[in-house]
Amino acid sequence: MADAFDGFRDLHLRHGVGLGLRTVFPQAERIVFRADYGVPVTSRGLTFPGSLFIAFGQAFAMPGLPSPSLETEYRE
């Protein structure tokens with residue numbers, strides 16, 4: 001459920017259902033491909049055709065993680 005509004009008096013939550021696909025391309029510095037499809041739900045049921053969103057990259061910024069080193073030291 002969500003809504004975009006200017007004040008809480010204007011809040012009218014909308015319902016929706018959907019699915020998403022994510023895949024990581026490690027060869028391209030861990031770039032994420034994502035595709036999302038969503039359909040609004042109203043009192044009459046699902047409202048087709050819905051919306052499709054396709055992008056490269058995460059929807060939200062992710063903290064950077066260091067790549068694992070290829071040279072591992074083992075200490076006894």
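**Exercise 1. Leu52 and the surface**

Leu52 is found in strand 4. The model is a predicted one. Task: decide whether Leu52 is buried or exposed, then find which residues make a nonpolar surface patch with Leu52.

*Solution.*
Step 1. Take the relative accessible area of Leu52, which is 60%.
Step 2. Apply the cut-off: exposed means over 50%. Leu52 is therefore exposed.
Step 3. List the patch. Leu52 shares it with Val17, Leu19, Tyr37, Val41, Leu46, Phe48 and Ile54. The patch covers about 780 Å².
Step 4. Assign the patch to elements. Strand 1 (15-25), strand 2 and strand 4 each give two or more residues to it.

**Exercise 2. Asp36 and its partners**

Task: place Asp36 in its element, then work out which side chains make polar contacts with the side chain of Asp36.

*Solution.*
Step 1. Locate Asp36. It sits in strand 2, residues 31-42.
Step 2. Look at Arg22. Its side chain and that of Asp36 are joined by a polar contact of 2.9 Å.
Step 3. Look at Arg34. Its side chain also makes a polar contact with the Asp36 side chain, at 3.4 Å.
Step 4. Widen the view, leaving out neighbours within four places in sequence. Asp36 is then in contact with Leu19, Gly20, Arg22, Ser51, Leu52 and Phe53. Leu52 of Exercise 1 is one of them.

**Exercise 3. Arg34**

Task: is Arg34 buried or exposed?

*Solution.*
Step 1. Place the residue. Arg34 is found in strand 2.
Step 2. Read its relative accessibility: 10%.
Step 3. Compare with the cut-off. Buried means under 20%, so Arg34 counts as buried.
Step 4. Set this in the chain. Buried residues make up 8% of the 76 residues.

**Exercise 4. The bond before Pro49**

Task: state whether the peptide bond from Phe48 to Pro49 is cis or trans, and say where Pro49 lies.

*Solution.*
Step 1. Check omega. It is near 20°.
Step 2. Assign the bond: Phe48 to Pro49 is cis. Most peptide bonds are trans.
Step 3. Place Pro49. It lies in the loop between strand 3 (45-46) and strand 4 (51-56).
Step 4. Link back. Phe48 also belongs to the nonpolar patch.

**Exercise 5. The whole chain**

Task: how many helices and strands does the chain have, and what share of its exposed area comes from carbon and sulfur atoms?

*Solution.*
Step 1. Count elements: zero helices and four strands.
Step 2. Write the order from the N terminus: β-β-β-β.
Step 3. Take the surface. The chain exposes about 7,300 Å². Carbon and sulfur atoms supply 60% of that area.
Step 4. Check contact range. Among contacts between residues at least 6 apart in sequence, 20% join residues at least 24 apart.

Terms used:
Residues are numbered from 1 along each chain as its sequence is written. This is a predicted model: local features need pLDDT of at least 70, side-chain atom pairs count only at pLDDT 80 or more; totals for chains, interfaces and linings use all residues. Side-chain values use heavy atoms; hydrogens and water are left out. Buried means under 20% relative accessible area, exposed over 50%, partly exposed in between (1.4 Å probe, protein chains only). Contact means heavy atoms within 4.5 Å. Accessible areas come from the Shrake-Rupley method with a 1.4 Å probe; for residues, only the protein chains shown count as cover. A polar contact is a pair of N or O atoms within 3.5 Å; within protein, one must be able to donate a hydrogen and the other to accept it, and residues adjacent in sequence count only if both atoms are side-chain atoms. Patches are made of residues with over 30% relative accessible area and no salt bridge: like charges are joined within 9 Å, nonpolar side chains (Val, Leu, Ile, Met, Phe, Trp, Tyr) within 5 Å. A salt bridge is a side-chain nitrogen of Lys or Arg within 4 Å of a carboxyl oxygen of Asp or Glu.
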